[in-house]
Amino acid sequence: MQPHFMNKDGYCSELDYYKISYLPSHTKNSNFCCALLLNVALNKFIMSFFENQNIELNAIEVACQNRKAQGLPLSDLTCSNPTLQGYIFPTDILKNAATQYFNSRIYDPQSKGQLKTREYIAKYYTERGLKLSPEHIILTANTSEAYSFLFSILCATGDNILTPAITYPLFEFLAEYQRIQMQKNNVTQRTKALLFVSPHNPLGTVIQNRDTEIAKFNLPIICDEVFAEFVRDKKLLTPLGVYYPDLPVFHLNGISKMFALPDLKLGWIAMNDLALKIYGERLELLNDMFLSANSFVQAALPAIFEFGQEFKNQMVQSINTKLEQAVKLINSSKHLKVSLPEGGYYLFPQIIGLKETEEEIVLKLIAHGVLVHPGYFYGKIELKHLILSCLVEKQDLFNGLEKIIAGLEF
Ligand SMILES: Cc1ncc(COP(=O)(O)O)c(C=O)c1O
């Protein structure tokens, strides 16, 4: 095919030609038109997902890559992958579960997930004080998928969900994916649900009461409790649904953090009675469209819950010990201030007495051989912070902290 519109470098591609050929004939002639048309053609290819956001590598990532390319060491205090930090769920438990599953493997899809698996999860909530049946549970591949389902069920395009001012950055992407917004300050006409992260990432705060102001909004509540097991006081384990029986409450969790099994991909939505009554059938239908939670991991969950408790308790204990020691060390720096979180495994030290921006400080620390995240990654507020993970292996964590303290003195 011979295209008859040329730009200064030669012919338009066949695809551009194809698109241009849809335009009215009088626009099809000058060079100017050609440039304009090319633009129109390219615009057609711009993805609408995150279209107004810059998704290029940020300065911090570039600095890390440069340092690594030069072969220089970098202690990574941002890692939240337990399998890289020595937290390996006992292999025997998984192998035994796999043997049982593969010896009698059969595909038996269930729209909410396998009943036996849901029974264990319902029991887990009942033991924590919220009486649930397997009917209240929907199994997903992870909490990201659970969020997507809930956003699409609770919101129409352009609606919003009220979120904390500082939050795990993934939520912005998930919201964009569902064409909704994360509303940071106040409830608007288009707010369709409230999101709580408890224990919070990265603040570590745990919600353990009913807030009458929140209840007045009369909106459904999504409670992300992926760090629920990582509380320093087991009394802080009451599910949020206990405090809001009069509102639909969705608890999101999974085995990714709880048992350090992010690779096995099993999450869930645990609804309270009202959420089940209003949204249960639609969520079930949505889940049935994807059935993402794989059958092996569903079959393995009872064994993971039955035999994985000792591993989980040791992991939580080890993280809590590191948190306590890290807090002491961090507070020995005149430039940092942090308190012990109630839960989770992150620290959010405030930066004191330094003029540089968070980003400049983080770049300076990278030059000193240690990576932490700047506070603004999780939301912009006036005070300056760093974010670091105490999941990191003990020796690496404390070497990294020493480097931070020394680096901030320069
Ligand atoms: C608060 C919070 N929610 C959800 C997730 C995602 O968890 P999952 O592994 O189930 O996708 C994370 C991951 O770090 C998180 O920090």
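In which hand does α4 pass α11? The crossing is right-handed. Keep in mind that this is a predicted model. Beyond that helix pair, here's a quick tour of a seven-stranded open sheet, a ligand shell of 13 residues and a few backbone oddities.

**The α4/α11 pair**

- Helix α4 covers residues 91-103 and helix α11 covers residues 295-307; they pack at about 140°, and their axes are 9 Å apart.
- That makes the two helices oblique to each other, because an angle has to be over 145 degrees to count as roughly antiparallel.
- On the α4 side, the contact uses I93, L94, N96, A97, A98 and Y101.
- Facing them from α11 are F296, A299, A300, A303, I304 and F307.
- Sorted by class, that contact has eleven nonpolar residues, one polar residue and no charged ones.

**The sheet**

- Strands of a sheet pair through backbone hydrogen bonds, and they can do that parallel or antiparallel.
- Here the pairing is mixed, and the strand order reads β4-β10-β9-β8-β7-β5-β6.
- At the edges sit β4 (137-140) and β6 (181-183), each of which pairs on one side only.
- Going from one strand to the next, the twist averages 25°.
- For a closer look at one pairing, take β9 (residues 249-254) and β10 (residues 267-271): they run antiparallel and share five bridges.
- If you want a residue to click on, H251 has A270 in β10 as its bridge partner.
- Helix α6 (residues 143-154) packs on this sheet, where it touches β4, β7 (191-197), β8 (221-224), β9 and β10.
- The direction of α6 makes about 160° with that of β9.

**Around the ligand**

- There are 13 residues around the ligand, and the ones that come nearest are N142, T143, Y168, N201 and S256.
- By class, the shell splits into eight polar, four nonpolar and one charged residue.

**Backbone oddities**

- Most peptide bonds are trans, and most residues other than glycine have a negative phi.
- The bond joining S198 and P199 is cis, with omega at about -5°.
- A cis bond also leads from N201 to P202, with omega near 10°.
- P199 sits in the loop between β7 and α8 (212-216), and P202 lies in the loop between β7 and α8 too.
- N201 is worth a second glance: besides preceding that cis bond, N201 is one of the residues that come nearest to the ligand.
- N218 isn't a glycine, yet its phi is positive, near 55°.
- You'll find N218 in the loop between α8 and β8.

Terms used
Residues numbered from 1 in each chain as written. Predicted model: local features only at pLDDT ≥ 70, side-chain atom pairs only at ≥ 80, totals over all residues. Axes fitted to C-alpha atoms, helices over the stretch in contact; angles between N-to-C directions. Helix = DSSP H or I, 4+ residues; strand = E, 2+ residues; numbered from the N terminus. Parallel < 35°, antiparallel > 145°, perpendicular 65-115°, else oblique. Left-handed = near helix turned anticlockwise from the far one by under 90°. Contact = placed C-beta atoms within 7 Å. Nonpolar A, V, L, I, M, F, W, Y, C, P; charged D, E, K, R; others polar. Pairing = 2+ DSSP bridges. Near = placed C-beta within 6 Å.
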